[in-house]
Amino acid sequence: LAAMAKQTRVVLNCVGPYRFFGEPVVEACVENGASCIDISGEPQFLEGMYLKYNERAAEKGVYVVGSCGFDSIPADMGVLYTRDKLKGTLTAVESFLSVKSGSEGLGVHDGTWKSAVYGLADEASLKKLRKQIGYAPVPVVGAKLKKRGFMFYSPEFKEYCLTFMGSDGSVVKRTQRYLHTELQQTPVQYGAYVTVGGLGSVIKLMFLGMLFLLLVKFNFGRKLLTKYPEFFSAGYFTKKGPTQKQMDGTSFTMTFFGEGYSEGQDPEKGKPNVKICTEVKGPEPGYVATPIAMVQAALSLLEDAASLPKQGGVYSPGAVFSKTKLIDRLNKRGVEFSVISKPEV
């Protein structure tokens with residue numbers, strides 16, 4: 001690993017679950033002067049690397065950037081895109097992820113499944129880790145974003161939606177904290193959700209979810225979940241990953257509903273008076289959109305150096321890429337950012 005890091009400027013690490021395989025790569029890169037990008041969706045790993053390596057990475061002048069794939073790049077950069085397109089002050093955003101598949105259905109490799117199994121099993125450690133880091137609270141600017149129930153019906157999508165259980169919430173919050181504390185920008189509140197379809201889909205998902213949460217608490221249960229991912233995920237997660245036909249027929253859309261205050265309006269007074277809707281859409285998330293996002297993030301590190309934070313460190317994508325051309329790069333390669341409805345006072 002040290003020899004690899006010595007002979008390159010950026011290492012792209014695709015090997016998870018990162019809680020088991022990620023840290024030696026980060027350590028080798030930081031100690032040998034190479035920047036490092038990964039596609040982790042594991043908050044415990046991402047924030048643990050910040051605690052252990054942020055100061056050393058800053059000393060070495062290298063950038064360690066986690067979660068540079070689907071779904072955190074669309075989520076984190078999507079919030080920043082929405083903020084930049086609003087004429088005024090954006091104070092809150094909700095995102096809704098929809099994944100559509102063709103006649104062959106969806107397929108996901110069980111590496112992602114394993115990350116979820118071990119991450120949920122060790123939730124208590126994440127709370128301890130965050131206490132150790134001692135995050136400064138992110139202030140709420142403007143009207144407080146109302147938390148939705150775990151499950152609800154969306155009239156906009158005409159589907160049921162669930163709270164999104166991935167890492168997007170924690171990644172976006174880290175970015176917003178950085179932009180507020182380091183660049184004095186107005187922090188944006190964020191809620192992440194996923195559309196799941198009709199009532200039948202909800203019942204099936206809730207049953208599988210309850211079974212998952214029960215089994216993940218016990219060592220024997222975790223062994224069962226990791227040994228038979230296909231059975232416990234109704235065929236979505238497999239040891240083989242998706243077929244070519246499944247990848248060709250799958251795409252994603254992430255829709256952002258933002259609200260805020262028009263130019264000249266004080267966010268500390270009154271209700272939000274301006275709204276905006278934006279969208280990020282792209283091809284199959286795991287094997288097509290993720291490599292696009294990861295490679296373009298690496299190119300931004302190499303080619304947009306003047307637009308990066310002046311100091312190295314361990315960053316979330318939005319924190320390190322907010323001033324780069326990453327969104328332009330993604331747009332040219334099929335992960336497209338667009339405004340659906342313009343701000344209206």
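The following legends describe close-up views of a predicted model.

**View 1. An open sheet of four parallel strands.** The strands follow one another in the order β1-β2-β3-β12, and their pairing is parallel. The sheet is bounded by β1 (10-13) and β12 (313-315), the edge strands, each of which pairs on one side only. From one strand to the next, the twist averages 15 degrees.

**View 2. The pairing of β2 with β3.** Strand β2, comprising residues 35-38, is joined to strand β3, comprising residues 63-65, by two bridges in the parallel sense. Within this pair of strands, I37 lies opposite V65 of β3.

**View 3. Helices α3 and α4 against the sheet.** Helix α3 (residues 23-31) packs on the sheet and touches β1, β2 and β3. The direction of α3 makes about 155 degrees with that of β2. Helix α4 likewise packs on the sheet, where its contacts are with β2, β3 and β12. The direction of α4 makes about 150 degrees with that of β12.

**View 4. The surroundings of E47 in helix α4.** E47 belongs to helix α4, which spans residues 43-60. The relative accessibility of E47 is 2%, and this residue therefore counts as buried. When neighbours within four places in sequence are set aside, E47 is in contact with L126, L129, R130, I133 and Y135, as well as with S170 and R174.

**View 5. Cysteines without disulfides.** The structure contains zero disulfides. For C14, the nearest cysteine sulfur is that of C36, at a distance of 10 Å, and C14 is in no disulfide. C36 is also in no disulfide; its nearest cysteine sulfur, belonging to C29, is 4.2 Å away. A pair of cysteine sulfur atoms must lie within 2.5 Å to count as a disulfide, so the separation of 4.2 Å between the sulfurs of C36 and C29 does not qualify. C36 has a relative accessibility of 2% and therefore counts as buried.

**View 6. The second largest pocket and its lining.** This pocket holds about 730 Å³ of space. Its lining consists of 29 residues, of which Y50, Y178, T181, E182 and Y315 are the closest to the centre. At least two lining residues come from each of α4, α8 (168-183), β12 and α14 (317-321). Helix α8 makes the greatest contribution to the lining, with six residues. Two of the elements that supply this lining, α4 and β12, also appear in View 3, where α4 touches β12.

Technical notes: Residues are numbered from 1 along each chain as its sequence is written. This is a predicted model: local features need pLDDT of at least 70, side-chain atom pairs count only at pLDDT 80 or more; totals for chains, interfaces and linings use all residues. Side-chain values use heavy atoms; hydrogens and water are left out. Buried means under 20% relative accessible area, exposed over 50%, partly exposed in between (1.4 Å probe, protein chains only). Contact means heavy atoms within 4.5 Å. Two strands pair if DSSP finds at least two bridges between them. Axes are lines fitted to C-alpha atoms, for helices over the stretch in contact, and angles run from 0 to 180 degrees between N-to-C directions. On a 1 Å grid over the protein atoms alone, a cavity is a set of points where a 1.4 Å probe fits but cannot get out, and a pocket is an open set with protein on both sides within 12 Å along at least five of seven lines; lining residues have an atom within 4 Å of a point. Grid points are joined across faces, edges and corners, and a volume is the space filled by probe spheres set on the points.
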